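This report describes the fold, the packing and the charged contacts of one protein chain. The sequence and the model are shown first.

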Amino acid sequence: MMLNLATIAPVLGLIVKLDELLPVLTTTVIFVAIGLVVFLIAFLIVVLVAPFSVKKEIEEDHNTSLAIIIGAIIIGIAMIISAAIQGN
């Protein structure tokens with residue numbers, strides 16, 4: 001038996017009615033804006049706390065370990081924001 005997306009979409013919550021679309025889009029835009037501000041603040045903290053130029057280390061010196069650390073910070077903040085949005 002072959003299932004297509006139209007049959008399983010209501011179960012997965014993938015279909016939003018048009019009259020409910022505006023509040024969903026509004027909350028999505030609000031959470032995106034909050035997330036971007038939090039990411040900006042976290043990156044600025046990393047740049048201000050670091051005793052060296054983060055841009056020079058990553059772009060000119062190709063410091064992969066620093067890029068991995070900054071990536072881990074971004075993933076960690078994304079997990080925190082995701083949990084806050086879901087209410088867990």
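A salt bridge is a side-chain nitrogen of Lys or Arg within 4 Å of a carboxyl oxygen of Asp or Glu. The structure discussed under this criterion is a predicted model.

## The salt bridge

The structure holds one salt bridge. The partners are K56 and D61, whose side chains meet with a nitrogen-to-oxygen distance of 3.0 Å. Because this distance is within the 4 Å limit, the pair qualifies.

Both partners can also be placed by accessibility. K56 is partly exposed, with a relative accessible area of 37%, and D61 is likewise partly exposed, at 39%.

## Overall architecture

The chain contains four helices and zero strands, and its elements run α-α-α-α from the N terminus on. Helix α2 covers residues 21–49, helix α3 covers residues 54–60, and α4 covers 64–86.

Of the 88 residues in the chain, 12% are buried. The chain exposes about 7,200 Å², and carbon and sulfur atoms supply 75% of that area.

## Nonpolar core and nonpolar surface

In soluble globular proteins, nonpolar side chains tend to be buried together. Which residues make up the largest nonpolar core here? It is a set of five residues: V46, A50, V54, L66 and I70. With neighbours within four places in sequence left aside, I70 is in contact with F43, V46, V54 and I58. Two of these contacts, V46 and V54, are themselves members of the core.

Nonpolar side chains also appear at the surface. V37, L40, I41, L44, I45, L48 and V49 make a nonpolar surface patch of about 710 Å². One of these residues, V37, is located in helix α2. V37 has a relative accessible area of 46% and is therefore classed as partly exposed; this value is over the 30% that a patch residue requires.

## A buried acidic residue

E57, in helix α3, is buried yet has no salt bridge. The nearest side chain of opposite charge belongs to K56, at 4.7 Å. Because a salt bridge requires a nitrogen within 4 Å of a carboxyl oxygen, the separation of 4.7 Å between E57 and K56 does not meet the criterion. K56 is instead paired with D61.

What surrounds E57, apart from its neighbours within four places in sequence? The contacts of E57 are F52, H62, N63 and L66. Among them, L66 is a member of the largest nonpolar core.

## The loop between α3 and α4

H62, one of the contacts of E57, lies in the loop between α3 and α4. H62 is not a glycine, yet it has a positive phi of about 55°. At 60% relative accessibility, H62 counts as exposed, whereas its contact E57 is buried.

## A long-range pairing along the chain

S82 is found in helix α4 and is partly exposed, with a relative accessible area of 33%. S82 and F31 are 51 residues apart along the chain, and their C-alpha atoms are separated by 9.6 Å. F31 falls within the residue range of helix α2.

Methods
Residues are numbered from 1 along each chain as its sequence is written. This is a predicted model: local features need pLDDT of at least 70, side-chain atom pairs count only at pLDDT 80 or more; totals for chains, interfaces and linings use all residues. Side-chain values use heavy atoms; hydrogens and water are left out. Patches are made of residues with over 30% relative accessible area and no salt bridge: like charges are joined within 9 Å, nonpolar side chains (Val, Leu, Ile, Met, Phe, Trp, Tyr) within 5 Å. Accessible areas come from the Shrake-Rupley method with a 1.4 Å probe; for residues, only the protein chains shown count as cover. Helices (H or I, at least four residues) and strands (E, at least two) are DSSP runs, numbered from the N terminus. Buried means under 20% relative accessible area, exposed over 50%, partly exposed in between (1.4 Å probe, protein chains only). A nonpolar core is a set of buried Ala, Val, Leu, Ile, Met, Phe, Trp, Tyr and Cys residues joined through side-chain atoms within 4.5 Å. Contact means heavy atoms within 4.5 Å. Lys and Arg count as positive and Asp and Glu as negative; His and the chain ends are not counted.
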